[in-house]
Structure formats: structure tokens, C-alpha cells
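Look over the sequence and the model. The report below covers cavities, a pocket, a helix pair and a few loop residues.

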Amino acid sequence: MQKINYKRATIITLSILTIIRLILSYFLGLDGGPAYYAMWSRHLELSYFDHPAMTAVLVKISTLIFGWNSFAIKFPGIILFLGISIIMYKSIKLFSDDERKAFYATILFNFTPWIASSFGIKAVNPDIPFLFFFILAFYYFLKLYKTGNSNYWYIIGIATALGFTSKYKMIFIYPALFLCITFIKSLRVQWKSPALYISAIIGLCGTIPTIIWNINNDFASFEYHLIQRQNEFAFRPLQYIRFLLNQILIMGIFIPIILFKNVYKQRLNTIGKICIFFTLPALLTFSFVSLFYGQPMQNWWASVYMILFVLYGIKKDINKYDSAILYFTSTISIIGTIFYTYPFGVRLKETTNFLDHHLFDMASNHLKTIINQKQKENKQIFIGTPRYRTTAMLNVNMPNQIIYSMDYRKGDQFQMWHNPQELLGKDIIYIAGGSQAKQTPEKLFNAKSITLIDKQTYEYNPWFKRTFYFYEIKNYGGLK
């Protein structure tokens with residue numbers, strides 16, 4: 001029987017997955033998060049309300065090349081996700097001559113349900129560039145450990161700086177490096193290396209754009225992440241249990257079990273310790289946050305899983321159970337992708353948040369018709385929506401139109417661009433649809449009159465439809 005060339009199999013599989021993702025990116029729309037990040041590129045700034053600016057820069061470059069469309073918006077994320085997979089493979093190969101193990105770990109990472117969905121299909125969020133630069137820094141730290149070449153610190157510093165322009169979670173690399181250099185005997189000599197300190201300074205330079213933006217915007221990002229997003233401080237053990245169960249479900253049930261089981265097995269060897277030290281800061285920080293604060297997020301442990309997949313690939317052997325888990329996880333991801341792309345078999349509520357990317361393009365086209373009609377009547381047009389997700393999903397289909405997110409609160413980048421207070425005393429066309437369709441304007445706003453002027457129901461397929469409501473608000477008087 002001919003031996004499988006696993007390096008070739010990895011190249012072919014990653015190439016096929018990337019091509020499929022690029023094809024899907026052309027045909028699929030953008031849901032609230034990706035649409036929101038895409039709109040950043042229409043308003044380039046040093047940083048933004050909830051994240052740094054790397055995502056906006058990447059989308060801007062891509063759309064300048066390919067035009068304003070879903071393919072161009074998702075292209076940078078898909079390519080960076082491919083880059084993450086390649087660096088993961090190379091990291092494993094540094095300490096393993098077994099191409100089969102590197103293949104299994106890298107492909108399993110690509111097929112893990114939540115990772116495949118958030119990074120492979122949706123493909124537009126600050127986590128993707130952050131994870132790319134985090135694993136890039138991790139890879140060159142592994143090379144530094146293996147070779148003793150301190151010049152790798154400069155690459156680590158540059159990767160850290162770029163990571164800081166992607167997401168605040170890049171800060172975790174500093175305690176990770178501190179733990180590695182302090183507790184791994186062969187690395188302690190690096191404390192004497194000037195390159196280490198230069199690298200640290202280079203990395204911190206990546207925070208400068210975000211700091212400048214926050215100084216100019218009353219430290220809005222810090223207030224949002226540290227105060228607004230957190231409910232009242234309290235001990236919530238049940239919430240932490242729900243967070244853990246959610247992690248197990250989104251990762252395909254078996255994946256967290258085999259990853260953390262492998263951590264226990266590899267805990268005493270040096271590579272195991274390095275990987276553990278690179279995961280501990282995020283793991284402990286977000287475990288604490290989930291236990292005491294509100295709003296646990298699915299992506300908090302993304303960097304943890306990424307590093308643990310590398311450690312999984314360095315393990316001693318791949319057995320029949322690993323193969324079975326790969327086949328099971330791949331099947332779940334394929335079914336999930338088909339469902340996300342073309343919901344079937346279950347009649348879903350039209351307000352479901354999971355499929356908010358569907359049919360907003362048709363609502364946007366109808367809104368254009370209403371705007372054209374109003375302009376013929378020589379009326380000044382103001383457009384409003386319930387919150388930023390609806391704003392983004394409409395705006396991404398009509399990017400030159402000013403659209404106000406009217407549920408005023410600190411925590412909405414659209415409201416920093418277009419303050420709803422500017423609408424006081426104005427007449428507004430207001431659109432509600434998707435998961436926010438039940439937020440009728442009569443419940444939210446003061447106005448002289450609020451009239452439903454149109455209602456459009458669009459059918460995506462026999463199992464899924466969505467209704468959009470178009471209101472005219474006369475003499476808007478603010479929130480109730």
C-alpha cells in the first residue's frame with residue numbers, strides 16, 4: 001500500500017478549503033459583526049470604540065483592489081486564516097518529523113466548528129489578524145528556543161506591535177514570555193539579551209495609535225470594556241459553568257477534551273511548558289472574568305485553542321480515536337456550513353440572530369427605492385435603525401448612505417460617526433428587521449407621529465423568510 005504524503009495532503013486540503021471559503025465569500029452576505037467591521041474601512045481612524053484598527057486597514061486595502069463587495073471584505077481574513085494554518089503546521093514541524101501529526105492537528109483546527117465558522121466563513125473580525133500575529137510571535141519564540149538566536153526577538157517585537165493594532169488581547173504575550181524565560185532554565189539567559197528589551201519596546205509601539213485615539217475620545221474603549229460591558233460585579237459560578245459548556249459545544253464536544261487531556265500529558269516536557277505558558281494568561285484571565293462579570297464571549301479562548309492545537313500536533317502519536325474525532329468534527333462543520341449558507345429542514349423564526357446575514361441586501365434595495373421617491377418630493381432624508389447590527393447590515397449594502405443607529409448608548413461606533421442627537425426635530429425613515437424587528441419605534445422614541453409606511457417580507461427559501469418594517473417618524477423627540 002502506497003504511503004500517504006501528508007505534506008502534500010496538507011497543502012491540497014488547505015488549498016481546497018481556502019478556495020471554498022473564497023467562493024462562499026462571494027455569494028454569502030455579511031451578518032452584523034462582519035458588516036460592522038467592514039464599515040470601519042469607510043471611516044479610517046487610528047482606532048475604534050471596541051477594537052484597534054488593523055481590520056479596517058486590511059479591508060480598505062482589499063476593497064480598493066477588488067471593489068466594495070463581500071468577496072473583497074472577507075478576502076483578508078480568509079488569507080490570514082490560511083496563514084495561521086501554515087504557521088501552525090510549521091510550528092509543529094519544528095519539533096516533530098512526523099508529517100502525519102502536523103496534518104491531523106492543522107486540518108482538525110480548520111474543521112473545528114466554531115473556528116471554521118467564525119474565522120473561515122464569516123472571516124471579518126479583529127480576532128483573525130490578532131491570532132495571526134500571536135501565532136507568528138509564538139512560532140519565532142519556538143525558533144529562538146530551538147536555536148538560541150536572539151535576533152528572533154526583533155521579529156517577535158514586530159509581530160507583537162502588529163498584534164496590538166489588531167486586538168487588545170495581544171497584551172497576553174508579555175506574561176507568556178515572562179513565564180517562559182523565568183521558569184524554563186535554558187531560556188533564562190535571554191534576560192541578558194538587549195534584543196529582548198528592544199523587542200518589548202517595539203511591541204508596545206503598537207499601542208500608540210489606540211492610546212492617541214482614546215485620549216481624543218475620552219478613553220471610550222477603556223470605559224466600554226472595563227465598565228459598560230460588565231454587569232454588576234458578583235460571584236456567578238453557574239454562569240462560569242454555562243461558559244464552559246458553551247465552549248465544549250462550539251468546539252465540537254470532543255476537541256476541548258482531547259486538547260486539555262494532551263496538555264496534562266505534555267505538562268512536564270519543555271515544549272509542553274512553553275505552550276502552557278502561552279495559554280495561561282488568557283485562560284486564567286477570562287476564567288476569572290466569566291466567573292465574576294457579565295457577558296462571557298465565545299472568542300475569549302481563541303488563542304488558547306490555537307496554541308493547544310500546536311501542542312496536540314507535537315504529541316507522540318496519532319491513533320484511531322484521533323482519526324474518528326477528525327471525521328466527526330469535519331462532518332459537523334460541513335453540516336453547519338450548509339445550514340448557515342442555506343438554512344434547511346427547520347422552519348426558523350425570522351428574528352433569529354444566527355441567520356441575520358440573510359435578506360438584508362433585499363431590504364437595502366427597497367430602502368433605496370423609498371429614498372429615491374422621497375428625493376423626488378424634495379424632502380431631506382434621514383435614515384435610522386434600532387441598533388448598530390441592523391445599521392451595519394443595511395449600510396454595507398449602501399455604503400455611501402448615512403444611517404443613524406438610534407438606540408443611543410455609549411458602545412456604538414456608528415453613534416460616534418453620526419450622533420442620533422442630530423436627528424432631534426427631524427423626520428426619519430426608520431427600518432427594523434431581523435432579530436431587532438420586535439423593537440417597534442413606538443416603544444423606543446418620542447415623536448409627533450410614528451407611521452408604518454411599508455412592510456416587506458422576503459423569502460430566502462421555503463424554510464426561511466424575514467419581514468422588514470419601514471416607518472416614518474415625524475419630528476423625532478429622542479428616546480423615551
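Which element gives the most to the lining of the largest cavity? The answer is α4, with four residues. The model is predicted.

## Largest cavity

Searching the whole structure turns up two cavities of 30 Å³ or more. The largest has a volume of about 80 Å³. Its lining consists of T55, L58, V59, I73, P76, G77, L80, A123, V124, N125 and P129.

Two elements, α3 (54-66) and α4, each supply at least two of these residues. By class, the lining has eight nonpolar, three polar and no charged residues.

## Second largest cavity

The second largest cavity holds about 30 Å³ of space. Around it are F109, W114, I115, F119, L131, A302, Y305 and M306. Here α6 and α16 are the elements that give two or more residues to the lining. The class split is eight nonpolar, no polar and no charged.

## Second largest pocket

The second largest pocket contains about 460 Å³ of space. Its lining counts 22 residues. Nearest the pocket centre are F27, L28, G29, L30 and D361. Three elements give two or more residues to this lining: α1 (6-27), α4 (70-94) and α18 (360-376).

Of the elements, α1 gives the most, with four residues. What is the class make-up of the lining? It has 14 nonpolar, seven polar and one charged residues. Helix α4 thus appears in two linings: that of the second largest pocket and that of the largest cavity.

## Helix pair α15 and α16

Helix α15 spans residues 270-292, and helix α16 spans residues 302-313. Their axes come within 9 Å. The crossing angle is roughly 170°. Angles over 145 degrees count as roughly antiparallel, so α15 is roughly antiparallel to α16.

On the α15 side, the contact is made by I271, G272, C275, F278, T279, A282 and L283. On the α16 side, S303, V304, I307, L308 and L311 take part. Sorted by class, this contact has nine nonpolar, three polar and no charged residues. Helix α16 also contributes two or more residues to the lining of the second largest cavity.

## P126

P126 sits in the loop between α6 (113-122) and α7 (127-147). Is P126 buried or exposed? Its relative accessible area is 1%. Buried means under 20%, so P126 is buried.

Which residues touch P126, leaving aside neighbours within four places in sequence? They are Y37, W40, H51, T55, S166 and K167. One of these contacts, T55, also lines the largest cavity. K349 lies 223 residues from P126 along the chain, and their C-alpha atoms are separated by 29 Å.

## D218 and F219

Most residues other than glycine have a negative phi. D218 is not a glycine, yet has a positive phi of about 55°. F219, not a glycine either, has a positive phi of about 55°.

D218 is placed in the loop between α11 (208-216) and α12 (220-228). F219 is in the loop between α11 and α12. How do they stand on accessibility? D218 has a relative accessible area of 63%. The cut-off for exposed is over 50%, so D218 is exposed. F219, at 42%, counts as partly exposed.

Conventions:
Residues numbered from 1 in each chain as written. Predicted model: local features only at pLDDT ≥ 70, side-chain atom pairs only at ≥ 80, totals over all residues. Heavy atoms only, no water. 1 Å grid on protein atoms, 1.4 Å probe; cavity = no way out; pocket = protein on both sides within 12 Å on 5 of 7 lines; lining within 4 Å. Points joined across faces, edges and corners; volume = space filled by probe spheres on them. Nonpolar A, V, L, I, M, F, W, Y, C, P; charged D, E, K, R; others polar. Buried < 20%, exposed > 50% of the residue type's maximum accessible area, 1.4 Å probe, protein only. Contact = heavy atoms within 4.5 Å. Axes fitted to C-alpha atoms, helices over the stretch in contact; angles between N-to-C directions. Parallel < 35°, antiparallel > 145°, perpendicular 65-115°, else oblique.
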